[in-house]
Amino acid sequence: MTTPTHAAATFTALQVMQDAPVIPVIVLNDIAHAVPMARALVAGGVRMLEVTLRTPQALACIEAIARAVPEAVVGAGTVRSRADAQAAANAGARFAVSPGYTSAVGQACRDAGLALLPGVATGSEIMMAQEDGFTELKFFPAMQAGGPAMLKAWSGPFFDVRFCPTGGVSLQNAADFLALPNVVCVGGSWLVPADAMAAGDWARITQLAADTQALRVG
Ligand code: 3PG
């Protein structure tokens, strides 16, 4: 068995954000679900896939998707440490998403060749990420931390930052975020419901992904 290597980032954070209106936030508990789930999302037009490092199977799932679903671009979510970044890159992840930001995680992703969407919830965190050269950021947890009104307030002082709001975003409120000039895409777990995954209802996941195409602006 060979180890996949993805030393160079082939996508920038902006390209990851621009590919579709929604980046699905995926929690996988069973490696058998990884490949059919990824294929179902791709069939619905969603190919940037954030697999969260929250389950023991997450890295194996990333590796399986990277090997078997070349149409997908698999990334790792919940990246909180240098070790997470290295493990994600070794498994075949091509981008990373973090729930917060530290310079150590930023540097680790650079070292691992991973585009990073750093998580921020305050102005100080935005400034720290910007100091380290990151201008495309995840606003997390978006609804809990102020929703669209917060992003409107940030658009003044942080006019040069673009966001992917994630946390409490749904098909119902996604358009409110996507209408903002400083929002490129949103993130959300609603495309991959746990019950659909458990039931192997891949057609439902494809439909949920296809439904998000109507959110495209411009
Ligand atoms: C997360 O990291 O859990 C994401 O923010 C997903 O949030 P959601 O379940 O509210 O979409």
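**Notebook: ligand site and helix α2**

I began at the ligand, where a backbone N or O atom of G167 lies 3.5 Å from an oxygen atom of the ligand. The model is a predicted one.

I then looked up G168 and found that one of its backbone N or O atoms lies 2.7 Å from a ligand oxygen. For S189, I noted a polar side-chain atom 2.5 Å from an oxygen atom of the ligand. I next checked how far the ligand is covered: on its own it has 310 Å² of accessible area, and the protein covers 77% of this.

I listed the residues around the ligand as V25, R54, F140, T166, G167, G168, G188 and S189. I sorted this shell by residue class and obtained two nonpolar, five polar and one charged.

I turned to helix α2, which spans residues 31-43. Which residues of α2 are buried? I recorded H33, A34, V35, M37, A38, A40 and L41. I kept in mind that residues three or four places apart in an α-helix point the same way, because the helix has 3.6 residues a turn.

I asked what covers the buried residues of α2. The cover includes the strands β1 (22-26) and β2 (48-52). It also includes the helices α3 (58-68), α9 (194-199) and α10 (202-211).

Finally, I examined the two ends of α2. At the N-terminal end, D30 acts as the cap, with a side-chain oxygen 2.9 Å from the backbone nitrogen of A32. Just after the helix, I found G45 with a positive phi of about 90°.

Conventions. Residues are numbered from 1 along each chain as its sequence is written. This is a predicted model: local features need pLDDT of at least 70, side-chain atom pairs count only at pLDDT 80 or more; totals for chains, interfaces and linings use all residues. Side-chain values use heavy atoms; hydrogens and water are left out. Buried means under 20% relative accessible area, exposed over 50%, partly exposed in between (1.4 Å probe, protein chains only). Helices (H or I, at least four residues) and strands (E, at least two) are DSSP runs, numbered from the N terminus. Contact means heavy atoms within 4.5 Å. A polar contact is a pair of N or O atoms within 3.5 Å; within protein, one must be able to donate a hydrogen and the other to accept it, and residues adjacent in sequence count only if both atoms are side-chain atoms. A residue is near a molecule or strand if one of its heavy atoms lies within 4 Å of it. Accessible areas come from the Shrake-Rupley method with a 1.4 Å probe; for residues, only the protein chains shown count as cover. Ala, Val, Leu, Ile, Met, Phe, Trp, Tyr, Cys and Pro count as nonpolar, Asp, Glu, Lys and Arg as charged, and the others, Gly among them, as polar.
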